[in-house]
Amino acid sequence: MQIVFLGTSGSWPTPKRSVSAIAVKRGPEVILFDCGEGTQRQFMLSKLSFMQITRIFLTHFHGDHFLGIPGLVQSMSMNGRERELLVYGPSGTEELVDTLVNLGHFTPGFLVRAKSLASGDTVECGEYAVRAIESAHTVPALGYALEEPARPGRFSLEKARELGVPEGPLYSKLQSGQPVTVRGRAIRPEDVLGPTRRGRKIVYTGDTLPTKHIFEAAKNCDVLIHDATADTELEEKANRYGHSTGRQAAEIARAANANVLILTHVSPRYEDAGVILADAKAVFPNTYMAEDFFEFEVPLPD
């Protein structure tokens, strides 16, 4: 699983940063979180293809988080897309998306389905799920947690051989959680598998103040992607407009026992976001400042 930051600026783009868009590449698909203006071009400058997007999750309806949808859908259509596109977001997503994809003299050549979510709603996506999280912004807003289910423990060849299990299909059955019978003896998966291993979890806050809901969702996550609009000196102003500082994001990451913190949504006032990163690293050292096209691999936990 790879996270690619396509846009990392807050409010409007800068010469170095486009507005919010974060792609998660998982196997053959791309899951997109927010879709600010110009996202389709950011895809073209990255290693990813916008044709692989299966789902878009919008955090809220400020333009820097959704204005890329009309151009993206039109480009998909003109490139021959036939598979449906699913778009999720806060209350009102159906009406917003219907307006966006029908702007001007254009009708998409594929189905775009939209659905509103509330905090706690979960979208089941087969090998993973995306859960909506309550956030605290100046307008109705959501964050998201992408979570994989637990995986079976490691297969012990030594134990399997001791129990007389022949190599081949029976190994696969045990690894998939099915019991097998060998010479009249039942062999259970737990006889040859180690402790269950957790799946990966990525939490994206969108624009938000630091809240208990974000903290709860981020507990023991692999990656926390958090709003870090400003540095500590501008904390009062950032909070007044429904945003966090790098230090506040780091405090959430530390309290939640996150593995990695990645900061994004940097105010255009900062030509160099180093001061925001320094504020965060003083609290939570394993912190990165995302820039456009920053890539982060999320390994499977042992």
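**Figure 1. Close-up of His-265 in the loop between strand E14 (260-264) and helix H10 (274-281)**. Helices (H or I, at least four residues) and strands (E, at least two) are DSSP runs, numbered from the N terminus. The model is predicted: local features need pLDDT of at least 70, side-chain atom pairs count only at pLDDT 80 or more, and totals for chains, interfaces and linings use all residues. Residues are numbered from 1 along each chain as its sequence is written, and side-chain values use heavy atoms, without hydrogens and water. Although not a glycine, His-265 has a positive phi of about 65°. Most residues other than glycine have a negative phi. With a relative accessible area of 3%, His-265 is buried (under 20% relative accessible area; 1.4 Å probe, protein chains only).

**Figure 2. Close-up of Asp-34 in the loop between strand E3 (29-33) and helix H1 (39-45)**. The phi of Asp-34, a residue other than glycine, is positive, near 70°. Asp-34 is buried at 0% relative accessibility.

**Figure 3. Close-up of the largest pocket, with a volume of about 340 Å³**. A pocket is an open set of points on a 1 Å grid over the protein atoms alone, where a 1.4 Å probe fits, with protein on both sides within 12 Å along at least five of seven lines; lining residues have an atom within 4 Å of a point. The volume is the space filled by probe spheres set on the points, which are joined across faces, edges and corners. Of the 20 lining residues, Ser-11, Thr-229, Tyr-241, His-243 and Ser-267 lie nearest the centre of the largest pocket.

Terms used
Buried means under 20% relative accessible area, exposed over 50%, partly exposed in between (1.4 Å probe, protein chains only).
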